[in-house]
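Here are some worked exercises on how the parts of a model fit together. Have a look at the structure, try each task, then check the solution under it.

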Protein chains: 2
Amino acid sequence: MENRIYNFSAGPAVLPEAVLKEAQENLMALPGVGMSILEISHRSKTFDDIINQAREDLVKLLDISDDYSVLFLQGGASLQFYMVPLNIMPPNNKADYIVTGAWSKKAVKEAKRVGVVNIAATAEDGNFNRIPKQEELKLDPGASFLHYTSNNTIYGTQFKTEPEAGNVTLVCDASSDILHKKIDVNKYGIIYAGAQKNMGPAGVTLVIIRNDLLERCSDDLPTMLNYKTHVDKNSMFNTPNTFGVYIIGLVAKWLLNNGGLDKMYETNKHKAALLYDCIDESEGFYKGHAEKDSRSLMNVTFNLPTEELEKKLVAEALDAGFSGLKGHRSVGGLRASIYNAFPTKGVEELVRFMKEFQAKNS
Amino acid sequence: MENRIYNFSAGPAVLPEAVLKEAQENLMALPGVGMSILEISHRSKTFDDIINQAREDLVKLLDISDDYSVLFLQGGASLQFYMVPLNIMPPNNKADYIVTGAWSKKAVKEAKRVGVVNIAATAEDGNFNRIPKQEELKLDPGASFLHYTSNNTIYGTQFKTEPEAGNVTLVCDASSDILHKKIDVNKYGIIYAGAQKNMGPAGVTLVIIRNDLLERCSDDLPTMLNYKTHVDKNSMFNTPNTFGVYIIGLVAKWLLNNGGLDKMYETNKHKAALLYDCIDESEGFYKGHAEKDSRSLMNVTFNLPTEELEKKLVAEALDAGFSGLKGHRSVGGLRASIYNAFPTKGVEELVRFMKEFQAKNS
């Protein structure tokens, strides 16, 4: 067994060891195929089975109805920031955006290239330390859609439930918390997510789109930027990221084999509670960035009394086998990203380490 | 050793066994890093080294000068079909395209969304069985660029040398023959190529762009579709396909360790000659699709006297361990794709098999 450390990276992030092991075992040749997953044609029966199985397992995990198409695209959430408004902001050419961090802001920037953006709410005044409440949202009932970011990796905040959009189409960038619990997909028009936090390696974007929205997509759009292209061709208009789709399939299977999303959610709540309890019981030594009711289950952000102590903790943690704890420069301090695949044992060990660090340094 | 077969797929395609072995060995954890390449942050020192080394090795292989930027993007050649004209068709908004197959036609379709396309030449009348000659090209000296497809996977044709574009910027889709020999990069404005034939797994697009062309890219372009974004951020404006870049790096190293592109070219010519000689010496039993002076070193396309015999050959070949020989439906017959990583031994064995098949069936 290779020497693996605890990877608290915000993404790309830790993957299930069972998934890595299976991928490793079959990397020279898929069983019975005689070729590596890296080498097989996307037009082969083998890959057809792989992409269809991955899709079916995601459908099962999230209970996605036939009203939706499930796509495996490229370009990350960053390309979706433009594709979403390009495709579905017409004909009204106006949309509502809830701004809860750097990623929402980037989404707004691209949407403004297509039409009018109404900022329904922003949490920027408090350095994005909270999720705006429903009653704060200034919604336009004529908007083409309402866009929000379900989890904010940088600030460690997360929507506990989706905002109420009324009759307006709800669009969610779920890059950093997709599959962390069951959600009611029927509430959404589009859910998109880069794979590299909870689903697989970087280079695949999952898009779940309600089929009636395809009527909004103009035939004049560039072929690769039109959702219809990818729905019509089962995500294989051009060569998809075959390896990435394969790994997503293995991760979906791993989730199904381990009790599905309800079980995953219990584990995620437990892991996050271990860390937040440690913070809350530290008598102010550790101070969470996010307001308590906005706390993320995926990214736990916190500060120490001084920057010096923060640096010391990051350095000593790294020596002890905890990697990726340095917070984003916009918040400073520390960030522990504990996505689905992050083991509970690693969180327990970090908590023990943090308690010892506090005892020695306060 | 896993049971591997000969993979004649047009792409995704065979990769060097040494590359697959190294990737497999380190898939659970990169040496000294403690995390899988699938898990490491693209902002880490480890990945920075990986992407920079991959770039440096490509620069070395192709002798790329400092006047150029080397990018690792997503979306395949299909997205480049739109990005190229979007970025560099202005200010004149007209461009010349040489049409040598299905991929050129797709490129034309996207370019027409941006401006006026002049078809400098097309080989469609002969079902794309040849490369138009320089004297046939109807070039517009005021064009923003001249676009061509260096190798045509479907039809098995290939430019022996780049067309002369005069003072017009030359743009090449080199998806299916990049790195098969040394080229003079200085002749080009942009070279782009999907990775999945000669460079690595699907999901990475290599773009080599001359830096002065960035002046044509408007600041109003969607961020992800603007070459300047990716040049400014060293291909890491957003999370790149980290695993794909890693494999491209291993392939580049493999090429360097095996004598570089001049050696590769010798091997490619040798492999292709084995097959074309077999075809030419078959007294008409095997009939090449491409005219002799347009023949591709990467994709050898040929027909048999009847469709029935073609099906029989494909089926018997598959039983004998030769996969992926069925030709594209636009041409029918057979296609042997013999990219860089395809072993000479496999070509020799196929030739032996074809000769036996002919003896038994003619």
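**Exercise 1. What turn and what shift lay chain A on chain B, and which residue of chain A comes closest to the rotation axis?**

Solution. Keep in mind that we're working with a predicted model.

- Step 1: Turn chain A by 180 degrees, with a shift of 0.0 Å along the axis, and it can be laid on chain B with an RMSD of 0.0 Å.
- Step 2: That is how a two-fold axis relates its copies.
- Step 3: See what this does to the contact surface. The same surface serves both copies, as 100% of the contact residues of chain A recur in chain B.
- Step 4: Now look for the axis itself. Of the residues of chain A, A:Gln24 comes closest to it, with its C-alpha at 2.7 Å.

**Exercise 2. How much area do chain A and chain B bury between them, and which residues of chain A lose the most?**

Solution. The size of an interface is often given as the accessible area lost when the parts come together.

- Step 1: Start with the head count: 60 residues of chain A are in contact with 60 residues of chain B.
- Step 2: Go on to the area. The two chains bury about 4,700 Å² between them, and 59% of it lies on carbon and sulfur atoms.
- Step 3: Pick out the residues on the chain A side. A:Met28, A:Leu38 and A:Glu39 lose the most area to chain B, and together they account for 16% of what that side buries.

**Exercise 3. How many salt bridges and polar contacts link chain A and chain B, and which element of chain A gives the largest share of its side?**

Solution.

- Step 1: Count the salt bridges between the chains: there are two. In a salt bridge you can look up, the side chains of B:Glu39 and A:Arg4 meet at 2.9 Å, N to O.
- Step 2: Add the polar contacts, which come to 25 residue pairs between chain A and chain B.
- Step 3: Trace the elements. On the side of chain A that touches chain B, α1 (17-25), α3 (76-88), α4 (102-111) and α6 of chain A each supply at least two residues. The largest share, six residues, comes from α1(A).
- Step 4: Sort that side by class, and you get 27 nonpolar, 21 polar and twelve charged residues.

**Exercise 4. Where are the two domains of chain A, and what holds the record of contact between them?**

Solution.

- Step 1: Split the chain: domain 1 covers 28-257 and domain 2 covers 260-361. Their centres, taken over C-alpha atoms, are 28 Å apart.
- Step 2: Count the contacts. In chain A, 28 residues of domain 1 touch 25 residues of domain 2.
- Step 3: Work out the area: the domains bury about 2,200 Å² between them, 53% of it on carbon and sulfur atoms. On the domain 1 side, A:Asn129, A:Ile154 and A:His180 lose the most, together 23% of what that side buries.
- Step 4: Check for charge pairs. The rule finds one salt bridge across this interface, and A:Lys133 forms a salt bridge with A:Asp293, with the closest N and O atoms 3.9 Å apart. That distance still passes, because the cut-off is within 4 Å.
- Step 5: Finish with the polar contacts, 16 residue pairs between the domains. On the domain 1 side that touches domain 2, α6(A) gives the most, with three residues, and the residues of that side divide into ten nonpolar, eleven polar and seven charged.

Definitions and conventions:
Residues are numbered from 1 along each chain as its sequence is written. Chains are lettered from A and ligands numbered from 1 in the order in which they are written. This is a predicted model: local features need pLDDT of at least 70, side-chain atom pairs count only at pLDDT 80 or more; totals for chains, interfaces and linings use all residues. Side-chain values use heavy atoms; hydrogens and water are left out. Domain bounds come from an automatic or database domain assignment. Contact means heavy atoms within 4.5 Å. Buried area is the accessible area (1.4 Å probe) that two parts lose on being put together, summed over both. A polar contact is a pair of N or O atoms within 3.5 Å; within protein, one must be able to donate a hydrogen and the other to accept it, and residues adjacent in sequence count only if both atoms are side-chain atoms. Helices (H or I, at least four residues) and strands (E, at least two) are DSSP runs, numbered from the N terminus. Ala, Val, Leu, Ile, Met, Phe, Trp, Tyr, Cys and Pro count as nonpolar, Asp, Glu, Lys and Arg as charged, and the others, Gly among them, as polar. Copies are superposed by least squares on the C-alpha atoms of residues with pLDDT of at least 70 in both.
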